[in-house]
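User: I would like to learn how to read a protein model, one feature at a time. Could we start with strands and then move on to a helix?

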Amino acid sequence: MNAQQLKNSILQRAIEGRLVPQRPEEGSAKELLEKIQEEKNRLIAEKKIKKSKPLPPISDDEKPFDIPDSWEWVRFDEFGVYKKGPFGSALTKSMFVPKGIDTIKVYEQKNAIQKDATLGNYYISRKYFEEKMTGFEVKSGDIIVSCAGTIGETYILPDGCETGIINQALMRMKLMPSVYVPFFLLYFDSILKNTARKSSKGSALKNIPPFAELKSYLVPLPPLAEQQRIMEKIEELLPLIDQYDKAHTKLTAFNKRFPEMMKKSILQYAIEGKLVEQRKEEGTADELLQQIQAEKKQLIEEKKLKETKPLPPITEDEIPFDIPDTWKWIRLDDIVVKDIKRGKAPSYINKSNTLVFAQKCNTKEGSINLELAKCLDEAKLIKYPANEFMLNEDIIVNSTGTGTMGRVGLYRSTDNPKNLPIVPDSHVTIIRPSNSISHKYIYAVLKHNQAYLEKQGEGSTNQKELKPLTLQKLLIPLPPLNEQHRIVAKIEELLPFCERLIK
Amino acid sequence: MATTGFVKKIRDIMRMDAGINGDAQRIEQLVWLLFLRVYDVKEADWEFDDDDYQSIIPEECRWRNWAEPDENGHALTGDELLDFVNNTLFPTLKELNVSSDTPIKKAIVKSTFEDANQYMKNGVYLRQVIDTVNEIDFEDVKESHAFGDIYEEILKELQSAGSSGEFYTPRAVTDFMAHMIQPRLGEKMADFACGTGGFLTSWIKELSKQVKTTEDQELFGESIYGIEKKPFPYLLCITNMLLHDIDVPKVYHDNSLLKKVLDYTDRDKFDVILMNPPYGGREDKSVQNYFPDDLADSETADLFMSVIMYRLKKNGRAAVVLPDGFLFGTDNTKVNIKKKLFSEFNLHTVIRLPGSVFSPYTSITTNLLFFDNTKPTEETWFYRLDMPEGYKHFSKTKPMKMEHFTPVMEWWNNRQEVEEDGWAKAKKYTVQEIAENDYNIDLCGFPHEEEEIIPPMDLINQYQEKRASLNAEIDHILDKIMAIMEDAK
């Protein structure tokens with residue numbers, strides 16, 4: 001239940017006459033209604049307002065709910081005189097003049113929405129006002145209503161405000177003196193606004209419904225004293241609804257944030273060596289590292305891997321947290337069997353049997369979507385060495401552009417059901433760890449570093465890119481191999497629970 | 001000897017013993033061994049001071065006579081040792097004659113052994129454990145709060161630190177608070193959740209500088225009061241106090257939350273309270289009955305705050321470590337507690353501590369609240385203590401040190417508002433400003449804080465706690481709405 005629902009429900013109760021008890025000594029709404037009608041007739045007789053077309057009597061079918069016996073159903077039209085602003089062509093910017101002595105203010109929607117009569121600085125000349133615009137005049141005590149976009153916002157023009165006219169997006173309401181304005185506005189604000197929204201015309205920009213419709217809306221009218229008691233009750237409830245709104249919003253935001261925090265927490269815990277226990281018999285990361293170094297040396301000799309410039313040794317200050325004794329801090333470059341660099345800039349063709357992996361294939365939701373891949377012009381295939389083709393469990397790091405840069409994904413051959421050859425484009429970097437290492441573990445470490453990588457872009461705002469060196473230097477806490485597998489299994493067991501929390 | 005190594009070594013030996021199941025029993029076994037050893041060291045002091053000193057422990061059961069090797073390097077071991085411990089030592093110590101006249105420092109032996117158990121079944125392993133305990137240099141222990149370390153280490157092994165809400169307060173923090181509170185001889189200081197006695201020892205150390213005469217010594221010995229709910233930290237605390245020359249430690253095995261706060265009289269009040277109450281610890285719901293309705297909730301830190309306010313003497317001073325949640329919280333109970341704090345006490349200073357002070361036990365962010373029972377608060381200073389230069393975070397190997405408090409100590413006596421990058425680092429707020437902000441006193445916080453990643457257990461605890469607090473707040477508001485709607489009928 002959100003605060004608006006709660007408020008609506010209370011307001012609904014109010015206009016059904018069930019928020020405060022009825023009191024016989026307060027008389028009936030009939031008396032009040034007669035008074036309002038008298039006032040209106042007098043104004044018509046005095047030619048101050050025009051007589052409107054009589055509306056059909058209220059039938060029982062029309063009444064949306066039962067009201068107390070002392071109340072009356074009244075058509076909206078009875079309460080006052082309503083006027084919409086001039087047509088657009090009658091009031092255009094070319095008619096506006098700077099503020100001066102003989103100028104008239106043009107009120108706009110923002111005056112109603114922000115409840116401030118001083119906003120805006122459009123004026124028309126008194127001459128034009130007197131020629132064409134007198135019908136749209138508004139002054140202190142009139143109510144202006146926003147009619148386009150944010151519809152139904154009401155504002156009573158305060159004492160001392162400038163006399164002006166309404167523009168095309170406003171409606172003016174002049175209420176009969178006996179109408180109790182707070183209750184009327186309450187009704188207008190809650191129920192009418194909702195009804196109006198539902199039936200309002202206009203697709204993109206919602207407009208207030210046609211006048212004929214609006215004027216025929218039904219208003220349940222309580223006796224005056226009861227209206228005042230209803231308002232008091234509501235004044236008492238509104239701050240509580242506000243409090244509820246705050247607390248509820250906090251709770252919702254908090255609940256929404258939690259699963260993501262939980263995921264991060266699990267990953268962090270995992271790579272600190274706390275998610276699973278250490279086992280002596282599984283050896284040490286040092287042994288594993290030596291094995292990989294031998295493997296890399298071999299590849300370099302076979303010219304399958306370029307020898308990278310030696311990276312600086314890891315210093316005490318770089319180390320972000322303590323790891324178990326059997327683990328070792330290494331740099332990402334120490335364990336990859338493919339150079340850490342971005343793919344080639346491809347030439348595309350409409351259709352071919354070789355795919356190109358683009359950043360967008362590495363989706364925001366954390367999965368890989370190859371339907372978004374493009375096709376490579378196979379005439380250029382000769383430029384691609386064998387190790388450029390993506391393999392199962394390659395890790396992908398989006399490497400350019402604010403908003404996508406730093407995103408980490410794991411490519412599985414099952415993402416590519418037709419098993420087409422696929423190469424990375426020049427905006428993604430492929431990380432291919434040695435097969436003596438759990439790729440999924442390295443993926444978990446990189447995923448954990450995603451927030452960090454997202455901030456490591458270099459270059460101007462629109463051309464941010466992730467330098468290969470940033471990735472090569474990245475610190476990895478390396479556990480013994482079997483422990484890596486156990487960590488991955490535990491993560492895979494836990495993360496689905498976080499996913500379920502999201503729903 | 002490093003405490004990490006000590007605990008690990010003991011654990012490795014005990015693991016081989018068939019009699020011990022799990023860490024809880026390991027702790028129990030270790031605690032009484034440590035106690036006997038410390039007690040023996042203390043008795044040597046007492047004998048030195050008093051020629052007529054008589055141990056309550058029969059001669060053959062004193063540590064020096066059975067646990068330490070004799071002049072020839074021989075020591076009891078194997079079945080012989082086991083037989084002695086099971087059939088002589090334990091029955092004797094459990095059945096010691098203690099009357100109401102027995103001084104506490106003697107009665108302690110019996111109360112320690114009443115609940116203690118001897119689990120080990122292998123005399124050779126037991127001998128190895130005893131030898132390891134003999135290796136500890138107690139002069140070092142005094143210096144380094146090592147009991148806290150040992151206990152924490154064990155807790156960590158048990159993986160229970162997070163869920164029980166017990167966190168060992170780093171020594172730098174207890175020392176800083178004891179220093180700023182300026183102890184005076186003759187004052188009595190209390191900690192109602194004293195753990196292994198971190199604040200008590202910091203207070204003692206600070207106060208001991210003032211001891212010059214034997215009268216001073218007496219006042220000094222009487223200056224502390226502690227309560228601890230859990231048996232093992234309690235025993236470690238007693239042992240710890242003995243080591244610190246408090247011969248009659250007024251430390252009690254009890255739960256501070258199980259007394260009606262309204263029943264406290266002047267006799268139950270203290271000149272100084274130094275505390276780091278447990279956060280997010282779970283207490284039975286019935287505990288709330290001991291508190292006035294408007295101050296009762298499930299957060300132990302809140303309950304302890306109330307206890308502190310009810311037990312602080314007129315003109316008394318307090319310094320308390322509290323989590324951020326206490327500052328932010330705008331649910332009714334927290335607001336009521338804070339209102340009470342601001343309207344009855346002078347909360348003059350709040351220090352926002354950097355994150356990871358409690359690392360690696362919890363990553364919860366905390367604050368130090370300094371207040372006294374002199375007058376209602378008029379204004380409160382907030383000061384943000386930044387991570388010292390060159391540190392990204394504190395850790396077990398790079399813990400917070402006393403010197404890291406230098407900036408705040410310099411600021412303390414010469415208070416000025418400080419702004420950094422457009423954010424307040426130190427600023428004074430009037431109580432009106434605070435009230436207008438619904439008593440959310442998240443002021444002078446850390447502006448550029450990156451999203452912090454919290455260990456899963458802590459995160460879940462925090463989540464449940466915050467959700468419960470928000471739910472309680474929502475229910476409370478809805479109840480009010482219901483009540484207003486009800487009387488419509």
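Analyst: We start with a pair of strands in chain A. Strand β15 (residues 394–398) of chain A is joined to β18(A) by four bridges, and the two run antiparallel. Bear in mind that this is a predicted model.

User: Which residue of β18(A) is the bridge partner of Val397(A)?

Analyst: The partner of Val397(A) in β18(A) is Thr429(A).

User: How do I read the two faces of a strand?

Analyst: In a regular strand, side chains alternate between the two faces of the sheet. Take strand β18 (residues 428–431) of chain A: Val428(A) and Ile430(A) are on one side, Thr429(A) and Ile431(A) on the other. These residues are all buried, and both faces of the strand are covered.

User: Which residues of β19(A) point one way, and which the other way?

Analyst: Leu475(A) and Pro477(A) point one way, while Ile476(A) and Leu478(A) point the other way. All of them are buried. As for its pairing, β19(A) is joined to β11(A) by four bridges in an antiparallel arrangement. Within this pair, Ile330(A) stands opposite Ile476(A).

User: What is the order of the strands in the open sheet of chain A?

Analyst: The order is β12-β14-β13-β17, four strands with mixed pairing. β12 (348–349) and β17 (422–424) of chain A are at the edges with a single partner strand each, so one side of each has no neighbour in the sheet. At one of these edges, strand β13 (residues 355–357) of chain A pairs with β17(A) in the parallel sense, over three bridges. There Val356(A) stands opposite Val423(A).

User: Now the helix. How do I tell which way its residues point?

Analyst: An α-helix has 3.6 residues a turn, so residues three or four places apart point the same way. Our case is helix α8 (residues 285–301) of chain A, which has 17 residues. From first C-alpha to last, α8(A) reaches 24 Å, close to the 24 Å expected at 1.5 Å a residue.

User: Which residues of α8(A) are buried?

Analyst: They are Ala285(A), Leu288(A), Leu289(A), Ile292(A), Lys296(A) and Leu299(A). Looking down the axis of α8(A), these buried residues fall within an arc of 95°, so they line one face of the helix. On the other side of α8(A), Glu287(A), Gln290(A), Lys297(A) and Glu301(A) are exposed.

User: What covers the buried residues of α8(A)?

Analyst: The cover includes β11 (328–331), β19 (475–478) and α12 (481–502) of chain A. We have already met two of these, since β11(A) and β19(A) are joined by four bridges. After α8(A) comes Lys303(A), which has a positive phi, near 60°.

User: Does Arg384(B) count as buried or exposed?

Analyst: Residues under 20% relative accessible area are called buried. Arg384(B) has 3% relative accessibility and therefore counts as buried. Its place is in strand β8 (residues 379–384) of chain B.

User: What does the side chain of Arg384(B) contact?

Analyst: A polar contact of 3.4 Å joins the side chains of Arg384(B) and Glu420(B). In addition, a polar atom of the Arg384(B) side chain lies 3.3 Å from the backbone oxygen of Ala424(B).

User: How many helices and strands does chain B have?

Analyst: Chain B has 19 helices and ten strands. Of its 489 residues, 54% count as buried. Chain B exposes about 21,600 Å², with carbon and sulfur atoms supplying 47% of that area.

Note on methods:
Residues numbered from 1 in each chain as written. Chains lettered and ligands numbered in written order. Predicted model: local features only at pLDDT ≥ 70, side-chain atom pairs only at ≥ 80, totals over all residues. Heavy atoms only, no water. Expected span 1.5 Å × (residues − 1). Buried < 20%, exposed > 50% of the residue type's maximum accessible area, 1.4 Å probe, protein only. Arc of directions from axis to C-beta. Contact = heavy atoms within 4.5 Å. Polar contact = N/O pair within 3.5 Å; in protein donor to acceptor, adjacent residues only side chain to side chain. Areas by Shrake-Rupley, 256 points an atom, 1.4 Å probe, with all protein chains shown as cover. Pairing = 2+ DSSP bridges.
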